[in-house]
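Please open the model in your viewer and keep the selection tool at hand, as each stop below says what to pick and what to look for there.

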Amino acid sequence: MNITASAVSLNVADPQASAKFAIDHLGFTEQMSADGFVSVARPDAGFTLCYLRTGLDSFKPKDKAGSAGEGLLVAFVVDDIDTEYERLQRAGVPIVTPIETEPWGERYFQTADPNGIILQLVQWV
């Protein structure tokens, strides 16, 4: 097997709102969009974020088509967590978990996009 790309697909009420958040605050660019679907990527992230409107007929299996916001977080490792924290605070981005450092060396904070998807930025220190 040769994997040529990776993506995470998230069911959300408003795909455009989540995509705009990723573009405006995390530096992603829109790759493609259609009714009920937007994909965004950045070359250094290693995968594409796909936002699907909850309830699309194309989502299978149907019994797994709930909202992605429950118990899920998407994490990105960054070079300078403190700079990113300050940048997003200045931009008025909602911080749902303030910056902290875990005993095992994970320094991180969390924000939430307009659909409640938790996005975690982390630096290993």
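Begin by selecting helix α2, residues 81-90, in this predicted model; the helix lies across β6, β7 and β8, and its direction runs at about 20° to that of β7. Within α2, colour Ile-81, Tyr-85 and Leu-88, which are buried. Seen down the axis of α2, the buried residues fall within an arc of 75°, so they line one face of the helix. What covers these residues? If you show the surroundings of the buried residues of α2, you will find that the cover includes α1, β6, β7 and β8. Just beyond the helix, select Gly-92, which follows α2 and has a positive phi, near 80°.

Next, turn to the sheet beneath that helix by selecting β5, β6, β7 and β8, which form an open sheet of 4 strands in the order β5-β8-β7-β6, with mixed pairing. Which strands stand at the edges? They are β5 (73-77) and β6 (95-101), and each has a single partner strand, so one side of each is left without a neighbour in the sheet. If you look along the sheet, neighbouring strands are turned by 15° against each other on average, with direction ignored. Helix α1 also packs on this sheet, where it touches β5, β7 and β8, and its direction makes about 30° with that of β8.

Now narrow the selection to β7 (residues 106-112) and β8 (residues 118-124), which pair in the antiparallel sense over 7 bridges. At one of these pairings, Ala-112 stands opposite Ile-118 in β8. The two strands form a hairpin with 5 residues between them, and in its turn Gly-116 has a positive phi of about 85°.

Stay with β8 for a moment and look at both of its sides. The pairing of β5 with β8 is parallel and extends over 5 bridges. Select Val-122, which is the bridge partner of Val-77 and also the bridge partner of Tyr-108. Of the 7 residues of β8, 6 are buried, so the strand is largely enclosed by the rest of the structure.

From there, move to Thr-97, which you will find in strand β6. Is Thr-97 buried or exposed? Its relative accessibility is 17%, and the cut-off for a buried residue is under 20%, so Thr-97 counts as buried. Show the side chains of Thr-97 and Gln-110 together, and a polar contact of 2.7 Å can be seen to join them. Leaving aside residues up to four places away in sequence, Thr-97 touches Tyr-108, Phe-109 and Gln-110.

For the last stop, select the other sheet, an open one of 4 strands in the order β1-β4-β3-β2, again with mixed pairing. Here β1 (7-12) and β2 (29-34) stand at the edges with a single partner strand each, so one side of each is left without a neighbour in the sheet. Neighbouring strands of this sheet are turned by 20° against each other on average, with direction ignored. Follow β1 to strand β4 (residues 48-53), with which β1 pairs in the parallel sense over 6 bridges, and note that Leu-10 stands opposite Tyr-51 in β4. Finally, add helix α1 (residues 15-26), which lies across β1, β2, β3 (37-41) and β4 while running at about 15° to β3.

Key: Residues numbered from 1 in each chain as written. Predicted model: local features only at pLDDT ≥ 70, side-chain atom pairs only at ≥ 80, totals over all residues. Heavy atoms only, no water. Pairing = 2+ DSSP bridges. Axes fitted to C-alpha atoms, helices over the stretch in contact; angles between N-to-C directions. Contact = heavy atoms within 4.5 Å. Buried < 20%, exposed > 50% of the residue type's maximum accessible area, 1.4 Å probe, protein only. Polar contact = N/O pair within 3.5 Å; in protein donor to acceptor, adjacent residues only side chain to side chain. Arc of directions from axis to C-beta.
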